[in-house]
Amino acid sequence: MPHRAAARRTLLAALGATAILTTQRIASGATTDTTGSGLDAPDKKDIAMRLVCSAENSSLDWRAQYKYIQDIGDGRGYTAGIIGFCSGTSDLLALVELYTERVPDNVLAAYLPALRAVDGTDSHEGLDPGFPAAWRRAARTSAFREAQNDERDRAYFAPAVARAGKDGVGTLGQFAYYDAMVMHGPGTDSLCFGGIRRRARANAATPADGGDETTYLHAFLDARVWAMRQEAAHEDTSRVDTAQRVFLDQGNLNLDLPLDWKVYGDSYYIG
């Protein structure tokens with residue numbers, strides 16, 4: 001079974017916090033990544049998806065996760081799809097709303113009232129027993145897979161890359177920001193991405209502020225580990241310690257191949 005229980009976002013204290021961050025794509029030349037292309041280059045983005053999938057699904061095959069749905073008992077209701085959209089943390093609701101805007105007559109549309117009612121809770125009221133099967137049916141369609149991609153990018157990937165670009169960090173740092181947003185949410189409290197970044201900046205200057213990139217990224221990963229340890233579901237910090245920290249210690253700021261890492265004791269390699 002995937003190690004999903006150790007790989008979930010902190011419940012958003014303020015739903016809709018994604019609006020705080022811009023979703024613009026990172027501008028050309030905005031990072032210190034002088035030999036790479038940035039995380040939004042297609043090959044680097046695919047690497048990012050595979051790295052996240054190793055932690056979220058114990059697999060490198062992120063495209064196989066569109067149909068995934070399970071309540072992993074972490075207090076966030078159903079966890080589903082390519083990055084673990086949750087019925088209790090508003091992003092699953094946002095995804096189904098987007099899908100329904102595009103395809104009004106879809107198998108998930110009837111569950112929108114229930115999804116709105118359970119948002120912010122771990123309740124399945126109005127979702128059982130049919131919602132998981134409906135999710136898997138929807139995942140067979142290209143429209144729903146595209147909606148998952150687009151909502152992932154809107155809420156997590158594009159804001160992370162844009163913020164990292166403004167902070168002057170390259171591809172590895174952009175990934176560190178993205179992975180933190182996926183797990184912790186893009187909010188501003190101490191256990192969300194904004195709080196993690198704030199803690200890191202209190203200990204090291206970003207490259208954009210004149211700091212050393214490696215020193216700042218170590219501070220960011222330290223802050224991330226602190227946040228993870230505040231919640232039992234995140235107490236295994238190997239997602240940082242034996243993955244991102246390994247790349248940083250190797251000086252691989254461009255996230256260049258080959259990559260060799262471990263998450264939750266499992267080994268992964270991309271050559």
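1. In strand 4 the side chains alternate between two faces: Leu 259, Trp 261 and Val 263 point to one face and are buried, whereas Asp 260 and Lys 262 point to the other and are not. The model under review is a predicted one, and the points below should be read accordingly.

2. The partner of strand 4 is strand 5 (residues 266-270); the two run antiparallel and are joined by five bridges. Two of the residues that point to opposite faces of strand 4 can be followed across to strand 5. Trp 261, from the buried set, has Tyr 268 as its bridge partner in strand 5. Lys 262, from the set that is not buried, has Ser 267 as its bridge partner. The hairpin formed by strand 4 and strand 5 has two residues between the strands, and in this hairpin Tyr 264 adopts a positive phi near 55 degrees.

3. Trp 261 also has an aromatic contact with a helix. Its ring and that of Phe 247 have centres 6.2 Å apart and planes at 75 degrees; since an angle over 60 degrees counts as edge-to-face, the pair is classed as edge-to-face. This pair links distant parts of the chain, with Phe 247 in helix 9 (residues 238-249) and Trp 261 in strand 4 (residues 259-263), 14 residues apart. Both rings are buried by the cut-off of under 20% relative accessible area: Phe 247 has a relative accessible area of 0%, and Trp 261 has one of 2%.

4. The number of aromatic pairs comes to 12. In one of them, Phe 157 and Tyr 178 have ring centres 5.3 Å apart and planes at 75 degrees, so this pair is edge-to-face. Phe 157 belongs to helix 5 (residues 142-167) and Tyr 178 to helix 6 (residues 171-184), and the pair, 21 residues apart, links distant parts of the chain. Phe 157 and Tyr 178 are both buried. Separately, one aromatic cluster is formed by Tyr 78, Tyr 99, Tyr 111, Phe 131, Trp 135 and Phe 144.

5. Two placements of a charge over a ring deserve attention when the model is inspected. Phe 157, besides its pairing with Tyr 178, has Lys 45 over its face, at 4.7 Å from the ring centre. Arg 199 lies over the face of Trp 226, at 3.6 Å from the ring centre.

6. Helix 6 packs with two other helices. Its axis and that of helix 1 (residues 42-57) come within 11 Å and cross at roughly 40 degrees. An angle of this value falls outside the range under 35 degrees that counts as roughly parallel, and helix 1 and helix 6 are therefore oblique to each other. Their crossing is right-handed. With helix 8 (residues 213-228), the axis of helix 6 again comes within 11 Å, and the crossing angle is roughly 15 degrees. That makes helix 6 roughly parallel to helix 8, and the crossing of this pair is left-handed.

7. Helix 8 also packs with helix 7 (residues 193-203), at an angle of about 130 degrees and with the axes 8 Å apart. Helix 7 and helix 8 are therefore oblique to each other. The handedness of their crossing is right-handed.

8. Another sheet is open and has three strands in the order 1-2-3, with antiparallel pairing. Strand 1 (69-70) and strand 3 (85-86) stand at its edges; each has a single partner strand, so one side of each is left without a neighbour in the sheet. Strand 2 (residues 79-80) runs antiparallel to strand 3, and two bridges join them. Within this pairing, Thr 79 stands opposite Cys 86 of strand 3.

9. A final point concerns Met 183, which is located in helix 6. Met 183 counts as buried because its relative accessibility is 0%. Gly 84 is 99 residues from Met 183 along the chain, and the C-alpha atoms of the two are separated by 9.0 Å.

Definitions and conventions. Residues numbered from 1 in each chain as written. Predicted model: local features only at pLDDT ≥ 70, side-chain atom pairs only at ≥ 80, totals over all residues. Heavy atoms only, no water. Pairing = 2+ DSSP bridges. Helix = DSSP H or I, 4+ residues; strand = E, 2+ residues; numbered from the N terminus. Phe/Tyr/Trp six-rings, centres within 6.5 Å; stacked < 30°, edge-to-face > 60°. Buried < 20%, exposed > 50% of the residue type's maximum accessible area, 1.4 Å probe, protein only. Lys NZ or Arg CZ within 6 Å of the ring centre and 35° of its normal. Axes fitted to C-alpha atoms, helices over the stretch in contact; angles between N-to-C directions. Parallel < 35°, antiparallel > 145°, perpendicular 65-115°, else oblique. Left-handed = near helix turned anticlockwise from the far one by under 90°.
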